[in-house]
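Reader: Hi, I'm new to reading protein structures and would like to go through one slowly. Could you put it up so that we can talk it over?

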Amino acid sequence: MTRIAVIDNHGQFTHLEQRALRDLGVDADLVDNDVDPEEIEADGFVLSGGPDMDRAGRSADYLDRDEPVLGICLGMQLIAKELGGSVGGGEYGGYADVTVEITDDEDPLIGSLAPETRVWASHADEVKTLPEGFSRTGTSDVCGIEAMSDTDRDLYGVQWHPEVIHTERGEEVFENFRDICEGSS
């Protein structure tokens, strides 16, 4: 059975990420972000959303592992910031229903959602510039980088919350990530 650890960055929807994975037959553990990544055995990691980059604990250390990583909202921003991209305040602000245009229909994480999908996202902060090696895979009229991927390193990020009911086809994002994890192990 595929095992994916959800790293808890104290987001209000983190438990729903674990549940979405379990509903897909994944052995999903919820792990506090202060736990040493070397202590966790998993085929992949989800860096959850959360209120503040300063409360992300050891989340950045998971980027040094060889397993796939999916960053959700704050998790995506953390990946970008740690790997040389930039993060800043969004013009749009709080949670809203957003239409995301999929800009890479070959992307293993969100390409299957092409040409567009409706999502629930917060844009209080967002990725402003991509880290080296990443490509933009989703955009919207309120955020230039709604999703990003580095398929060579199996690092992925979405600004939106695929775990909430307001996001169309959110389960498909988790299915695709499960498939990525199964393919890399």
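**A loop residue, then the whole chain**

Author: Let us begin with Thr 167, which is found in the loop between β9 and α3. Please keep in mind throughout that this is a predicted model.

Reader: Okay, is Thr 167 buried or exposed?

Author: Thr 167 counts as buried, because its relative accessible area is 7% and the cut-off for buried is under 20%.

Reader: And which residues does Thr 167 touch, not counting those up to four places away in sequence?

Author: Thr 167 touches Arg 118, Val 119 and Trp 120, and in addition Trp 160, His 161 and Pro 162.

Reader: Let me step back a bit. How many helices and strands are there in the chain?

Author: There are three helices and nine strands in the chain, and when you read along the sequence they follow the pattern β-α-β-β-β-α-β-β-β-β-β-α.

Reader: What is the radius of gyration of the chain, and what would a compact globule have?

Author: The chain has a radius of gyration of 14 Å, which agrees with the value near 16 Å that a compact globule of 185 residues would have. Taken along the principal axes, the C-alpha atoms fill a box of roughly 40 × 30 × 30 Å.

Reader: What percentage of the residues is buried?

Author: Buried residues make up 55% of the 185 residues in the chain. As for contacts between residues at least 6 apart in sequence, 68% of these join residues at least 24 apart.

Reader: Now the inside. Which residues touch the most other members of the largest nonpolar core?

Author: That core has 31 residues, and the ones touching the most other members are Leu 70, Leu 109, Ile 110 and Trp 160. Two or more residues each come from β1 (3–8), α1 (14–23), β4 (69–72), β5 (86–102), β6 (116–129), β9 (155–158) and α3 (170–184), and α3 gives the most, with five residues.

Reader: Why would nonpolar side chains sit together like that?

Author: As a general matter, nonpolar side chains in soluble globular proteins tend to be buried together.

Reader: Following up on Leu 109, what is it in contact with, leaving aside neighbours within four places in sequence?

Author: Leu 109 is in contact with Leu 70, Tyr 156, Val 158, Val 173, Asn 176, Phe 177 and Ile 180. There is also a second, separate core of 22 residues, which includes Ile 40, Leu 47, Ala 80 and Met 148.

Reader: What about α2, how many of its residues are buried?

Author: Seven of the nine residues of α2 are buried, so this helix is largely enclosed by the rest of the structure. The buried ones are Leu 74, Gly 75, Met 76, Gln 77, Leu 78, Ile 79 and Ala 80. Just after α2, Gly 84 takes a positive phi of about 105 degrees.

Reader: Switching to pockets, what is the volume of the largest pocket, and which residues lie nearest its centre?

Author: The largest pocket has a volume of about 270 Å³. Its lining consists of 18 residues, and those nearest the centre are Gly 50, Pro 51, Cys 73, Leu 74 and Ser 122. The largest share of this lining, three residues, comes from β6, and the lining as a whole divides into seven nonpolar, nine polar and two charged residues.

Reader: And the second largest pocket, what lines it?

Author: The second largest pocket holds about 170 Å³ of space, and among its lining residues are Leu 16, Arg 19, Pro 162 and Thr 167, the loop residue from our opening. Here the largest share, four residues, comes from α1, while the lining divides into five nonpolar, two polar and four charged residues.

Reader: One last spot: where is Glu 132, and is it buried or exposed?

Author: Glu 132 is in the loop between β6 and β7 (135–139), and it counts as exposed because its relative accessibility is 72%, with the cut-off for exposed at over 50%. Glu 132 and Gly 85 are 47 residues apart in sequence, yet their C-alpha atoms are 7.4 Å apart in space. Leaving aside neighbours within four places in sequence, Glu 132 is in contact with Leu 83, Asp 150 and Arg 153.

Definitions and conventions: Residues are numbered from 1 along each chain as its sequence is written. This is a predicted model: local features need pLDDT of at least 70, side-chain atom pairs count only at pLDDT 80 or more; totals for chains, interfaces and linings use all residues. Side-chain values use heavy atoms; hydrogens and water are left out. A nonpolar core is a set of buried Ala, Val, Leu, Ile, Met, Phe, Trp, Tyr and Cys residues joined through side-chain atoms within 4.5 Å. Buried means under 20% relative accessible area, exposed over 50%, partly exposed in between (1.4 Å probe, protein chains only). Contact means heavy atoms within 4.5 Å. On a 1 Å grid over the protein atoms alone, a cavity is a set of points where a 1.4 Å probe fits but cannot get out, and a pocket is an open set with protein on both sides within 12 Å along at least five of seven lines; lining residues have an atom within 4 Å of a point. Grid points are joined across faces, edges and corners, and a volume is the space filled by probe spheres set on the points. Ala, Val, Leu, Ile, Met, Phe, Trp, Tyr, Cys and Pro count as nonpolar, Asp, Glu, Lys and Arg as charged, and the others, Gly among them, as polar. The radius of gyration is taken over C-alpha atoms; the globule rule is 2.2 Å times the number of residues to the power 0.38.
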